[in-house]
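Good morning, colleagues. Please take a moment to look at the sequence and the model before I begin.

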Amino acid sequence: MAETVLKIDDLRFAYEGKEALYTDFSLEVKRGECVAIVGPSGSGKSTLFELIAGNLPLRRGTIRHGRLGWVFQDPYSSFHPSYRIVDQIADVAPTQKMQEYLPDLGLERSLLQKLPHELSGGQLQRCSILRALLMEPELLLCDEPTSALDNLTQLETMKLLIRFLDRLGILLITHDLDLARWAADRIVDLAKEEYDDAGKNHSGRVA
Ligand code: ADP
Ligand code: MG
């Protein structure tokens with residue numbers, strides 16, 4: 001049986017003085033699974049990631065997870081503009097290991113010698129995926145990883161992420177339902193949580 005890489009139980013969270021974003025929220029992700037988190041702006045998608053990453057205090061519920069990796073929306077803000085890509089990845093893993101991943105990511109070695117702005121958005125996003133993968137995450141948190149890219153590149157990038165599911169689980173935040181339906185094994189809609197009675201468990205919801 002595939003191992004569990006994320007287990008959230010009975011999570012409740014509210015920002016100070018605000019309504020709860022989730023009540024009794026539970027979710028499990030196993031290695032080999034891609035689970036999409038959807039919901040309109042403000043429904044608490046990014047907050048969920050911050051809670052998983054331990055950047056916000058957890059007051060009710062439990063969150064357990066394996067080693068984390070991150071892919072953010074805008075690859076240009078994930079890299080310092082004045083240093084070569086290779087130097088910004090080298091702190092994560094030795095160059096040799098980096099090169100093992102290049103073919104799978106469709107990246108030429110020479111690209112790594114360049115500065116971020118010399119690459120297209122899609123190329124640079126693949127570099128940030130490379131950096132995330134080199135940390136050998138068990139759970140990859142992807143916050144709108146393709147929404148800064150054009151349509152064709154979006155799909156290519158998503159296909160490429162899916163290819164690594166043999167070794168990790170993916171939690172994918174997206175506002176794009178079509179993308180979620182295409183990529184995810186399960187879709188969890190955070191907005192629904194607000195409309196349903198408190199106490200509903202949304203894990204396993206299939207759109
Ligand atoms: P999403 O990523 O789905 O757009 P967020 O998790 O960013 O939603 O935000 C959820 C809600 O919490 C929003 O109403 C937002 O204004 C509010 N919020 C986000 N961060 C903070 C914060 N640091 N303090 C107070 N409220 C916040
Ligand atoms: Mg957000």
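Which residue follows α5, and is its phi positive or negative? The residue is Glu136, and its phi is positive, near 45°. I should say at once that this is a predicted model.

Let me place that residue in context. In general, most residues other than glycine have a negative phi. Two further residues depart from that pattern. Asp10, although not a glycine, has a positive phi of about 50°. Asp10 belongs to strand β1, which covers residues 4-13, and its relative accessibility of 43% makes it partly exposed. Glu144 is likewise not a glycine, yet its phi is positive, at about 45°. Glu144 sits in the loop between β6 (139-143) and α6 (151-162). With a relative accessibility of 10%, Glu144 counts as buried, because the cut-off for that term is under 20%.

I return now to α5 itself. Its 14 residues should span 20 Å at 1.5 Å a residue, and the C-alpha atoms at its ends are indeed 20 Å apart, so the two values agree. The helix is mostly covered, with 13 of its 14 residues buried.

Where do those residues go? The largest nonpolar core of the structure has 39 residues, and those with the most contacts inside it are Leu105, Leu112, Leu130 and Ile170. Several elements each supply at least two residues of this core, among them β3 (34-38), α4 (95-105) and β7 (169-173). The element that gives the most is α5, with seven residues. Leu112 offers a view from within: leaving aside residues up to four places away in sequence, its contacts include Ile85, Met98, Cys127 and Leu130. There is also a second, separate core of 24 residues, which includes Leu6, Leu51, Leu68 and Leu139.

Finally, I turn to charged pairs. The structure holds nine salt bridges, and I shall describe three. Asp9 pairs with Lys7, their closest N and O atoms being 3.1 Å apart. Arg60 forms a salt bridge with Asp24, with a closest N and O distance of 4.0 Å. Arg60 lies in strand β4 (residues 60-65) and Asp24 in strand β2 (residues 22-30), so this pair ties together parts that are 36 residues apart in sequence. Arg60 is partly exposed, at 44% relative accessible area, and Asp24 is also partly exposed, at 26%. In the third pair, the side chains of Lys30 and Glu28 meet at 3.9 Å, N to O.

Conventions
Residues are numbered from 1 along each chain as its sequence is written. Chains are lettered from A and ligands numbered from 1 in the order in which they are written. This is a predicted model: local features need pLDDT of at least 70, side-chain atom pairs count only at pLDDT 80 or more; totals for chains, interfaces and linings use all residues. Side-chain values use heavy atoms; hydrogens and water are left out. Helices (H or I, at least four residues) and strands (E, at least two) are DSSP runs, numbered from the N terminus. Buried means under 20% relative accessible area, exposed over 50%, partly exposed in between (1.4 Å probe, protein chains only). A nonpolar core is a set of buried Ala, Val, Leu, Ile, Met, Phe, Trp, Tyr and Cys residues joined through side-chain atoms within 4.5 Å. Contact means heavy atoms within 4.5 Å. The expected span of a helix is 1.5 Å times one less than its number of residues.
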